[in-house]
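Notebook open, structure on the screen. I'm going through it piece by piece and jotting down what I look up.

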Amino acid sequence: MLSSDIYVDEPLDKIASDWDFLDEHVIRKFSGFRPEGDNIYGIRAIAHDSTAQLGEKGKGSTDLVKTRKNFEIGPKGVVEVARTPFNIHVTLAGTPHHTQFMFGYWHINDKDEIIIPLPPSGNQPAHLLIIMGHPNGNETDRMAWYCPTCNNLIFMREYVTGTWGFRGFWPWEREVLAEFNGNPKLRTCGECGTVHPLGYSGFAHHDTAEERDARRLW
């Protein structure tokens with residue numbers, strides 16, 4: 001595939017003179033990630049500066065910026081990963097990764113994930129540009145929860161993205177969250193007994209009141 005079209009809802013005469021890939025009319029097309037050719041693209045606006053704003057109506061595509069941290073699990077355990085504007089970071093396939101306040105689980109995918117932080121510009125907020133290869137065949141995306149006390153794997157579910165297609169990921173995410181959040185036994189570590197906080201979606205507007213509280217927590 002040599003090219004792909006991006007469609008917006010505004011008439012062309014209103015945007016042609018000031019086309020901007022990060023314009024709100026374009027970015028909403030990618031806030032839930034969009035398969036294009038051999039890759040999947042996502043853009044997240046970063047506008048909040050306090051956890052009090054998380055989950056507010058109309059702010060489902062934004063997330064915390066000043067206190068949010070990014071983590072990965074590797075050979076040395078849980079490590080914090082810096083997000084420096086214009087510095088490209090690659091999360092290698094198979095690496096559990098979690099971003100505070102953005103999605104309430106550890107995401108594990110079978111493709112490398114390229115993350116490019118973009119700083120604020122003018123009246124625009126900062127953004128994260130995320131690019132990953134589209135899974136093929138039996139390649140998967142997984143949602144996992146690890147014990148915050150001893151790092152033991154508590155619970156995990158797998159979505160065969162290469163077979164089922166990426167567009168089904170978000171409904172599946174909600175199903176897994178309902179399963180995990182609805183059963184305290186699934187959230188309890190079998191090694192040390194720690195009960196994990198509730199999980200939450202990549203979209204804050206899906207949060208229940210309890211999930212919104214969990215988003216503010218971790």
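**Entry 1: β8 and its partner.** I started at tryptophan 106, which stands opposite alanine 144 in β11. This is a predicted model, so I'm reading a prediction throughout. I then looked up how the two strands run: β8 and β11 (residues 141-146) are antiparallel and joined by 4 bridges. In a regular strand, side chains alternate between the two faces of the sheet. Which residues of β8 sit on which side? I found Trp106 and Ile108 on one side of β8 (residues 106-109), and His107 and Asn109 on the other. Both faces are covered, with all four of these residues buried.

**Entry 2: tyrosine 146.** I stayed with β11, since tyrosine 146 has its place in that strand. Buried or exposed, I asked of tyrosine 146? It has a relative accessible area of 15%, so it counts as buried, the cut-off for that being under 20%. Next I listed its contacts, skipping neighbours within four places in sequence. Tyrosine 146 touches Trp106 and Ile108, and also Ile73, Pro96, Asn151, Asn152, Leu153, Ile154 and His196. I also checked a distance: the C-alpha atoms of tyrosine 146 and methionine 156 are 8.9 Å apart, with the two positions 10 residues apart in sequence numbering.

**Entry 3: two positive phi values.** Most residues other than glycine have a negative phi. I noted asparagine 151, one of the contacts of tyrosine 146, because its phi is positive, near 70°. Asparagine 151 lies in the loop between β11 and β12 (153-159). Its relative accessible area is 42%, so I wrote it down as partly exposed. Phenylalanine 86 also has a positive phi, about 70°, and is not a glycine either. I found phenylalanine 86 in the loop between β5 (77-81) and β6. Phenylalanine 86 counts as exposed, because its relative accessibility is 58% and the cut-off is over 50%.

**Entry 4: β6, β9 and β10.** From that loop I moved on to strand β6 (residues 89-91), which runs antiparallel to β9 and is joined to it by 3 bridges. Which residue of β9 is the bridge partner of threonine 91? I found glutamate 113. On to the next pairing: β9 and β10 are antiparallel too, over 6 bridges. There, proline 117 has leucine 128 in β10 as its bridge partner.

**Entry 5: the cavity.** Rolling a probe the size of a water molecule over the atoms shows where empty space is left. How many cavities of 30 Å³ or more are there? I get 1. The largest cavity holds about 310 Å³ of space. It is lined by 25 residues, and the closest to its centre are Phe33, His97, Phe103, His107 and Glu113. I recognised two names: His107 from the buried set in β8, and Glu113 as the bridge partner of threonine 91. I also looked up which elements give two or more residues to the lining: β4 (70-74), β7 (97-99), β9 (113-118), β10 (126-133) and α4 (169-181). By type, I wrote down 13 nonpolar, 7 polar and 5 charged residues for the lining.

**Entry 6: two glycines in one loop.** Glycine 190 has its place in the loop between α4 and α5 (209-217), and glycine 199 lies in the loop between α4 and α5 as well. Their surroundings needed separate notes. Glycine 190 has a relative accessible area of 74%, so it is exposed. Leucine 153 is 37 residues from glycine 190 in sequence, yet their C-alpha atoms are 8.9 Å apart in space. Glycine 199 has a relative accessible area of 0%, so it is buried. Leaving out residues up to four places away in sequence, glycine 199 touches Gly104, Trp145, Leu177, Phe180, Asn181, Glu211 and Trp218. Its C-alpha is 6.9 Å from that of alanine 214, which is 15 residues away in sequence.

**Entry 7: the whole protein.** Last, I zoomed out. I noted 5 helices and 12 strands. Of the 218 residues in the protein, 45% are buried. Among contacts with a separation of 6 or more, residues 24 or more positions apart account for 52%. The exposed area is about 11400 Å², and carbon and sulfur atoms supply 52% of that.

Technical notes: Residues numbered from 1 in each chain as written. Predicted model: local features only at pLDDT ≥ 70, side-chain atom pairs only at ≥ 80, totals over all residues. Heavy atoms only, no water. 1 Å grid on protein atoms, 1.4 Å probe; cavity = no way out; pocket = protein on both sides within 12 Å on 5 of 7 lines; lining within 4 Å. Points joined across faces, edges and corners; volume = space filled by probe spheres on them. Nonpolar A, V, L, I, M, F, W, Y, C, P; charged D, E, K, R; others polar. Buried < 20%, exposed > 50% of the residue type's maximum accessible area, 1.4 Å probe, protein only. Contact = heavy atoms within 4.5 Å. Areas by Shrake-Rupley, 256 points an atom, 1.4 Å probe, with all protein chains shown as cover. Pairing = 2+ DSSP bridges.
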